[in-house]
Structure formats: C-alpha cells, structure tokens
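Got the viewer open and a selection box ready? Let's walk through this one stop by stop, picking residues as we go.

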Amino acid sequence: MARKSQSVNANLAMNLLNQVLGIGFPIIIQFYLIRHFKLEDLGYLSLLNSYWALLLLVLSFFNFYLLKVFAEVKDKVVAKSYLTNSIVIMYSLIVIPIILLLIYLYYKFGFIYEYVLITSLPVIFAPWSMEIYFQATLRNKYIFIRRAITRIILLAVLFIWAREQSDFIIYVYIASCAMLFETLVNLTFLKNYFSLKYVDKQRIKEIFKNSIRYLPFNLTYNILPILAIIVSEYFLTIETLSVYAILIKIVNLATSFITSAVMVLYPMKIKQSVDQSGSEFKDSRYMRNTAIVSVATILVLIALHKLIFFFFVKEYTIPNMLLEFSILSLFILFHSVYNYVTFNYFFYQNKLRFISIMNLLIVMIYALECLGVYLGLLDFHFALFFVSPFPIVLMLLFLKVRKETTARAAM
C-alpha cells in the first residue's frame, strides 16, 4: 500500500511539474506577444486555434475508451494493436472534416489565409501523437522532459526571429512547428508500436463500438472555453475578444493545473481496481484537496490582478476588467470539482448518459443566454455567461451522487 501511495504521489508531483511547465511557457510567451504584436492579430489567431481545437475535441471521442484500455492492458502486442488501429480510425474520421473546415475558414478569413493553412498542420498530424498512451501508462516524466526541450527550443527561435509586428507570421509558423515537433518525438518513441500488420478490422470495430457511446460526452465536455471564443466574435470587436481570450487563457491554464491531476488519479484508480490490491482510493480526500487548491488559486489570481494585467494585457483594457476577471476565475473552482466528480465517480462507473446530459445542459444554458442577446432581451456579459451554467449543473450533479450514495447505504 505504501508503494502504491508513493506511486500516486510521484506521478502527481511529476504531473504538477508538467503543468508548471505548461502554464509557465504560455505566460512567458504572452508577456512577449502582447509587447511585440498587434492585439488584432492575436485575436484572429485565438479564433483560428479555437476552431481547430473544437474539431479535435469532437473527433477524439475514442480517447476516453483508450485511456481505460491502456491503463488496463499489460500485453505489448495488444497495446500495439490498439495504437495502430486507433490512428486508422482517427484518419478515417478526420480527413473530410479538416477539408470542410479549411474551406470554411478560408472563406471566412481569406485575408489571413496563411494563418489558416499553418494552424491546420498540427491538426493534420495530431493522430500520430497518441498522447493518451503516455497519460494512461503514467509516463509523466517523459511528457515533462519532452515539453521542457520543446519549449526551450521554441523560445530561442522566437526571440531570434520574431521581434517586429511584421514577424507575426513567423510566430504562427514557430508555434505550429513546436506542436509538430512534439508529435514527432512521440512518434519516435512509439515507432515500434505502429505497423500495417497490426491493422485489424475486428479491432477497429471493437474500438469504434466501445467508443461511440463516449461521443455525446465528448461533443459537450469542456467545450465551453472554446465555444465562448468562437461565439463571442459575433458580439465583440476582435480587439476586445483578444483581451477576453487572454484572460480566459489565464483562467483555463490555472484550471488545467488542477484538473490535470485527474489524468493521474483516474488511471491509477482503474489500475487499483484491476490489480485488486485491496487498497482504498481516497476519493473524498482528493476531491476536498481539489476544492481547496481551486479556492486558493482564485484568491491568488485576484490578489495579483494588477501584476497579471500588466504582464499579460499591457495597456489594453475592457470595461470592469477586474470584475470580469474575478467572475471568470470562479470557473477554476466550478470546473475543477465538476471534472473530478465526472471522471472519478460517473465516468469510472460508466454512467455516461447522465454526465452527457449535464454537459449538454451547460452548453444549452450558454446558448440560451447568447440567444437572449441576439433577440435583444439581454446584454452580452462574457464572464457571467461563461460561468453561470456551472452552479446549476453542479447542484444537480451532487444531488445525483447523494441520491445514489443514500440508496447504496440503504441496501
């Protein structure tokens, strides 16, 4: 039991380092970008990245099934089969949507068509990354080393070649190439896991059949930060949207710092159940710690808001920026707790239908708010609309957990 506890703590510690690196790098980059490039260009890049992120989010529904499979499987040949056939499935699903989105983005943003083409490259090669394998097998040390090397190279190239506003296209190239480089490194480590001889129609059918039930969940889970950027284009100027995109990036990164622990705890919980070690997985303690860290993070962000605004948005501002930022920060607590309960309670017990309905409810509440603005019934409030769905859904979530816990206790 002591060894398993050390394993959990070691992976959580390495995951923490990964997030420090993941958060620290965008912070350094944002400080540099806001002082060297136009706010308008940064806004358009955020929009394009949001569209591509939305596509990947929708089409990566089988990753949830693979996360469980790779956490359980011990046979390397079986793992190779799953990896190879997962890439086949991904490309079968992604080719047509990429072409259609490229056409749409070229039509909508033809004046920055180079940005459209360059930002599409990491998406085209994304299936080869198979990051889910390293997460499921708890190889957080490898992820940390790869990220550290990539970030150092990217920073060096950025500081040398992208110094003027006219160099923004170079930055777009650098950012896309950095993601391609990480995919290449993953592929190098997993090259012996991919082979045409492992392509198996039955395995493809198995993955697809067992993954398709995750589609409703994947279509709606954690989609709000992406959706908010895309939808807000219709209500805000590109400069104002760019400021909000920066603020939401800060909040989202802080949230990821906390919620990413699930990518350690969830596979570990599965491994403990498979190994039948008899050791107790302390759900209540981990969730309590998640809430405490979330609240502490919110307070730190609000307390340091002047420094944050100076570093990340420079002289740019929006009306009531401190209030907007404070409201946005509540997302850290709401989403972190929601994420933990989702994976370590509902997802763990394969109760996808209920949690998919809750995800959909979050999107529907946000959509109704935006519809109210379109119809002239409401004024547009980016932060309030972004955060407001979560208290309602969390209340329903905990009522469901309490009801099921009481029912089990009565048996």
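Start in the middle of things, with the largest nonpolar core, which has 126 residues. Select F109, Y338 and L397: these are the members that touch the most other members of that core. Now add helix α16, residues 321-347, since the largest share of the core, 14 residues, comes from there. Keep in mind while you look around that this is a predicted model. In general, nonpolar side chains in soluble globular proteins tend to be buried together.

**Zoom in on Y338**

Keep Y338 selected and hide what you don't need. Which residues does Y338 touch, once those up to four places away in sequence are set aside? Show Y221, I355, M358, N359, I362, V393, L394 and L397, and you have the list. L397 was also one of your picks at the first stop.

**The second largest cavity**

Y338 also leads to an empty spot. A search of the whole structure finds three cavities of 30 Å³ or more, and Y338 is among the residues lining the second largest. How much space lies in that cavity? About 70 Å³.

To see the lining, select T220, Y221, N222, I223, L224, H335, Y338, N359, I362, V363 and F390. Two elements, α16 and α17 (352-374), give two or more residues to this lining. α17 gives the most, with three residues. Colour the lining by residue type and you'll find seven nonpolar residues, four polar and no charged. Y221, N359 and I362 should look familiar, as they are among the contacts of Y338.

**Over to α3 and S86**

Next, select helix α3, residues 63-72. Is this helix mostly covered or mostly open? Mostly covered: seven of its 10 residues are buried. To pick those out, highlight F64, Y65, L66, L67, V69, F70 and A71.

Leave L66 on screen and add S86, which sits in helix α4, residues 76-108. Beyond its neighbours within four places in sequence, S86 is in contact with F62, L66, M130 and I207. So here a buried residue of α3, L66, meets a residue of α4. S86 counts as buried because its relative accessible area is 0%, under the 20% cut-off.

**Salt bridges, one at a time**

Time for some charges. The count comes to eight salt bridges, and we'll visit a few of them.

First stop: select R146 and E182, whose closest N and O atoms are 2.7 Å apart. This pair links distant parts of the chain, with R146 in helix α7 (residues 140-161) and E182 in helix α8 (residues 168-190), 36 residues apart. Are these two buried or exposed? Both R146 and E182 are buried.

Now jump to K351 and E404, another salt bridge, with the closest N and O atoms 2.6 Å apart. Here too distant parts of the chain are linked: K351 is in the loop between α16 and α17, E404 is in helix α19 (residues 389-410), and 53 residues separate them. K351 is partly exposed, at a relative accessible area of 26%, whereas E404 is buried, at 15%. Before moving on, go back to the R146 pair and add E131 and R151: salt bridges that share partners join E131, R146, R151 and E182 into one network.

**Last stop: the loop before α16**

Finally, select K314 and E315. They form a salt bridge too, the closest N and O atoms being 4.0 Å apart. E315 is exposed, at 51% relative accessibility. K314 is partly exposed because its relative accessible area is 37%, between the 20% and 50% cut-offs.

K314 lies in the loop between α15 (305-312) and α16. Check its backbone angles: phi of K314 is near 55 degrees, a positive value in a residue other than glycine. Which other residue in the loop between α15 and α16 is worth a click? Try N320, which is in that loop. N320 has a positive phi of about 55 degrees, although it is not a glycine. N320 counts as exposed, at 56% relative accessibility.

From here you can step along into α16 itself and return to the core where the tour began, as this helix gives the largest share of it.

Note on methods:
Residues numbered from 1 in each chain as written. Predicted model: local features only at pLDDT ≥ 70, side-chain atom pairs only at ≥ 80, totals over all residues. Heavy atoms only, no water. Buried < 20%, exposed > 50% of the residue type's maximum accessible area, 1.4 Å probe, protein only. Helix = DSSP H or I, 4+ residues; strand = E, 2+ residues; numbered from the N terminus. Core = buried A, V, L, I, M, F, W, Y, C linked by side-chain atoms within 4.5 Å. Contact = heavy atoms within 4.5 Å. 1 Å grid on protein atoms, 1.4 Å probe; cavity = no way out; pocket = protein on both sides within 12 Å on 5 of 7 lines; lining within 4 Å. Points joined across faces, edges and corners; volume = space filled by probe spheres on them. Nonpolar A, V, L, I, M, F, W, Y, C, P; charged D, E, K, R; others polar. Salt bridge = Lys/Arg side-chain N within 4 Å of Asp/Glu carboxyl O.
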